[in-house]
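Subject: Structure handover

Hi,

Here is the structure I promised to pass on to you. Have a look at it first, and then read on for my notes.

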Amino acid sequence: MSTAPETPAGAPGADAGEMSYVYAVGREGPALDGLAARLAGVDGRPLRPVAGGGLCALVSPVPADAFSERGLAAQMEDLDRLEAVARAHHAVVDAAFAETSVLPMRLATVYLDDARVAAMLVGQRDQFQELLGRLEGHVELGVKVYADPRAAAMAPAEPAAATSSGAGAGRAYLRRRQAQQRDSQDVYQAASDLAARAAHLAEGVASSRAVHRTQQGQLAARAGVNVTNEAYLVPRDHAARLHRELAALADGAPGVAIEVTGPWAPYSFATAVVAEGADGGGPR
């Protein structure tokens, strides 16, 4: 999340009471102007287009006290609030991306005023134009592979029904536990193999690949361990076919699952570059 640095008292925008929240950047023209007229952003605030350098940013006003560096840090500790901001942000990006090529901005990218937004567009014009050209006609697919060894590792190990001695029962128990460990290792190996097949299949179609941190705990969408979390930049015309082929890879592999999501706006391939003007979240 990003906020602009504090403005000294008396400087332009210091007492405006509002800041400019930026959702996405695209080429200046009627497409984004029309979207701004009919979409709402965070907290239902109206969008407006801000132009600069032949580019256009979709922007909405947000309260300066809530979206200053300190205010944003405080409100983002509320998970419900964080989810509400994220949903509003992504709704704007997705609506824009459905109609024209845009670069999604990082969540909670906030500038002091529209003039700073326009200056950012002019300053990064060459980067943005090049990236818009590269991403045109492409979408993002997400690919996650999961291993769930619990069926083997957590299976109850009952004592042998009939043994001549306690030592015989102990040996049987040990053999069962060793077999469970081998089953667990087999599941992880199968998941690793599945991830390699998915990467090979996707790379035959994708223009680019991004490797993300694996998701654990509540962030993980499925039971088991997320062993790979990747994104692929795919030509729009090939996305549906690749989605089907990737989803079918796990058929018949017990304890292993693959999750394919999208198509999305190319967050993984745009936001890092778009945020280069930020300093701890904001323009330099």
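Let me start with a question: does Phe-67 count as buried or exposed? With a relative accessibility of 0%, Phe-67 counts as buried. Please keep in mind as you read that this is a predicted model.

**The aromatic rings**

Searching the whole structure turned up 2 aromatic pairs. One is formed by Tyr-21 and Tyr-23, whose rings are 4.5 Å apart from centre to centre, with 35° between the planes, which makes the pair tilted. Tyr-21 and Tyr-23 are both buried; for Tyr-21 the relative accessibility is 0%. Tyr-21 also pairs with Phe-67: here the centres are 6.0 Å apart and the planes stand at 85°, so this pair is edge-to-face. Because Tyr-21 belongs to strand 1 and Phe-67 to helix 2 (residues 64–67), the pair ties together parts that lie 46 residues apart in sequence. Through these ring pairs, Tyr-21, Tyr-23 and Phe-67 are linked into a cluster.

**The loop after helix 2**

Moving along the chain, you will find Ser-68 in the loop between helix 2 and helix 3 (69–75). Ser-68 has a relative accessibility of 16%, and since the cut-off for buried is under 20%, Ser-68 counts as buried too. A polar atom of the Ser-68 side chain lies 3.1 Å from the backbone nitrogen of Gly-71.

**Helix 5**

The other part I would like to show you is helix 5, which covers residues 114–123. Which of its residues are buried? They are Val-117, Ala-118, Met-120 and Leu-121. If you look down the axis of helix 5, these buried residues fall within an arc of 155°, so they line one face of the helix. On the face turned away from that buried side sit the exposed residues Ala-115 and Gly-123.

And what do the buried residues of helix 5 pack against? Their partners are strand 1 (18–27), strand 2 (48–52), strand 3 (55–63), strand 4 (102–111) and helix 6 (125–135). Strand 1 therefore appears in both stories, as it holds Tyr-21 of the ring cluster and is also packed against by helix 5.

One last detail concerns the start of helix 5: there, a side-chain oxygen of Asp-113 comes to within 3.2 Å of the backbone nitrogen of Ala-115.

I hope you enjoy exploring the model, and do write back with your thoughts.

Best wishes

Notes:
Residues are numbered from 1 along each chain as its sequence is written. This is a predicted model: local features need pLDDT of at least 70, side-chain atom pairs count only at pLDDT 80 or more; totals for chains, interfaces and linings use all residues. Side-chain values use heavy atoms; hydrogens and water are left out. Buried means under 20% relative accessible area, exposed over 50%, partly exposed in between (1.4 Å probe, protein chains only). Helices (H or I, at least four residues) and strands (E, at least two) are DSSP runs, numbered from the N terminus. The arc is that of the directions from the helix axis to the C-beta atoms. Contact means heavy atoms within 4.5 Å. A polar contact is a pair of N or O atoms within 3.5 Å; within protein, one must be able to donate a hydrogen and the other to accept it, and residues adjacent in sequence count only if both atoms are side-chain atoms. Rings of Phe, Tyr and Trp (its six-membered ring) pair if their centres lie within 6.5 Å; planes under 30 degrees apart count as stacked, over 60 as edge-to-face and the rest as tilted.
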